[in-house]
Amino acid sequence: MLVLQACSVELYSDLNQRQANEIVATLMRHGIPAQREAGKDGKMTVSVQKDRFAEAMAILDESGLPKQEFQTLGDVFKRDGLVSSPVEERATMIYGLSQELSQTISDIDGVLSARVHLVLPENDPLRQRLVPSSASVFIRHRASVPMNELIPQVKMLVAKGIAGLTYDNVSVTLIPVTAAVPEHATGEPGFTTFLGLWLHRDSVAAAMWLFYGMMAAIAALAARLAYVQWYRRPGVYALDASAMPVKKT
């Protein structure tokens with residue numbers, strides 16, 4: 001275990017528990033072992049083996065992980081004691097609405113990431129021609145999910161969530177992503193057993209070196225102790241009978 005940790009590099013840090021669990025579970029499904037470590041502030045750090053770093057990053061990018069944390073209207077309108085101008089209040093409101101809608105769309109099954117860009121012009125009621133509001137939705141999703149069928153629902157969701165926004169003024173852009181094929185799907189087992197423990201195949205060699213090295217060290221120590229015990233044993237000497245004094249009778 002110490003050898004494996006020494007060969008690990010940090011993949012992501014400052015994660016919450018859900019984000020860390022999603023990353024580790026996704027990597028394990030693709031046959032890449034990953035470790036989680038909690039910091040003093042409760043944030044999680046995920047590490048992988050150094051030689052699997054590039055592969056792990058590619059898999060997480062295709063999976064849209066770690067997922068972005070969106071702000072709610074309550075978060076963006078937290079008062080800091082300063083009085084905001086009407087322009088700042090309006091910009092904050094637009095940003096908060098965009099975050100709320102992006103979060104809702106991101107929760108749809110198969111969506112990897114989503115962004116909602118709102119254009120809400122501040123029209124003068126005295127003007128004869130008003131500029132209509134509009135919205136642009138960007139969705140990055142798994143190619144296996146038929147997201148085209150959900151475009152009407154997404155447009156309706158955004159249009160109903162913004163006052164004055166019509167269905168026809170909402171555009172949706174879909175970007176399908178083909179997920180990487182897990183190792184077990186290609187017939188290459190990701191994990192194997194060694195001495196009753198499940199290990200990734202890339203870790204078996206290091207585990208064998210560690211195990212047999214420890215066995216060799218124990219054998220050498222046992223041989224050394226046996227030699228010391230033999231060297232310190234009590235001496236037994238044979239006496240020459242001719243050199244012994246003869247008792248006269």
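Modeller: Two strands are said to pair if DSSP finds at least two bridges between them. With that in hand, we can walk through this predicted model together.

Biologist: Happy to start there. In what order do the strands of the open sheet with antiparallel pairing lie?

Modeller: This open sheet has three strands, and their pairing is antiparallel. From one strand to the next, the twist averages 25 degrees. Reading across the sheet, the order is 1-3-2.

Biologist: Which strands of that sheet stand at the edges?

Modeller: An edge strand here has a single partner strand, so one side of it is left without a neighbour in the sheet. Strand 1 is joined to strand 3 (residues 44–49) by five bridges. The two at the edges are strand 1 and strand 2 (34–38).

Biologist: Let me zoom in on S8. Which residue of strand 3 does S8 stand opposite?

Modeller: S8 belongs to strand 1, which covers residues 8–15. Beyond its neighbours within four places in sequence, S8 is in contact with S47, V48 and K50, among others. The residue opposite S8 in strand 3 is Q49.

Biologist: And which side chain makes a polar contact of 3.4 Å with that of S8?

Modeller: A polar contact is a pair of N or O atoms within 3.5 Å, and a contact of 3.4 Å fits that cut-off. The contacts of S8 outside its neighbours within four places in sequence include the residue in question. The partner side chain is that of Q35.

Biologist: Which strands does helix 3 lie across?

Modeller: Helix 2 (residues 17–29) lies across strand 1, strand 2 and strand 3, at about 145 degrees to strand 1. Helix 3 (residues 53–63) runs at about 35 degrees to strand 1. The strands under helix 3 are strand 1 and strand 3.

Biologist: Now the other sheet. How many bridges pair strand 4 with strand 5?

Modeller: The open sheet in question has the order 4-5-6, with mixed pairing. Its edge strands are strand 4 and strand 6. R115 stands opposite F138 in strand 5. Strand 4 and strand 5 pair in the antiparallel sense, and the number of bridges is eight.

Biologist: Is V111 buried or exposed?

Modeller: V111 sits in strand 4, and its contacts outside the nearest four places in sequence include I105, I139 and M147. Buried means under 20% relative accessible area. The relative accessibility of V111 is 4%, so V111 counts as buried.

Biologist: Which strand gives the most residues to the largest nonpolar core?

Modeller: In soluble globular proteins, nonpolar side chains tend to be buried together. The largest nonpolar core here has 20 residues, and I105, L118 and V137 are among those that touch the most other members. Helix 5 (86–106), strand 5 (134–142) and helix 6 (151–161) are among the elements that each supply at least two residues. With four residues, the top contributor is strand 4.

Biologist: One last thing: how many residues make up the second core?

Modeller: This core is separate from the largest one. Its members include I23, I32, A56 and I59. The number of residues in the second core is 15.

Technical notes. Residues are numbered from 1 along each chain as its sequence is written. This is a predicted model: local features need pLDDT of at least 70, side-chain atom pairs count only at pLDDT 80 or more; totals for chains, interfaces and linings use all residues. Side-chain values use heavy atoms; hydrogens and water are left out. A nonpolar core is a set of buried Ala, Val, Leu, Ile, Met, Phe, Trp, Tyr and Cys residues joined through side-chain atoms within 4.5 Å. Buried means under 20% relative accessible area, exposed over 50%, partly exposed in between (1.4 Å probe, protein chains only). A polar contact is a pair of N or O atoms within 3.5 Å; within protein, one must be able to donate a hydrogen and the other to accept it, and residues adjacent in sequence count only if both atoms are side-chain atoms. Contact means heavy atoms within 4.5 Å. Axes are lines fitted to C-alpha atoms, for helices over the stretch in contact, and angles run from 0 to 180 degrees between N-to-C directions.
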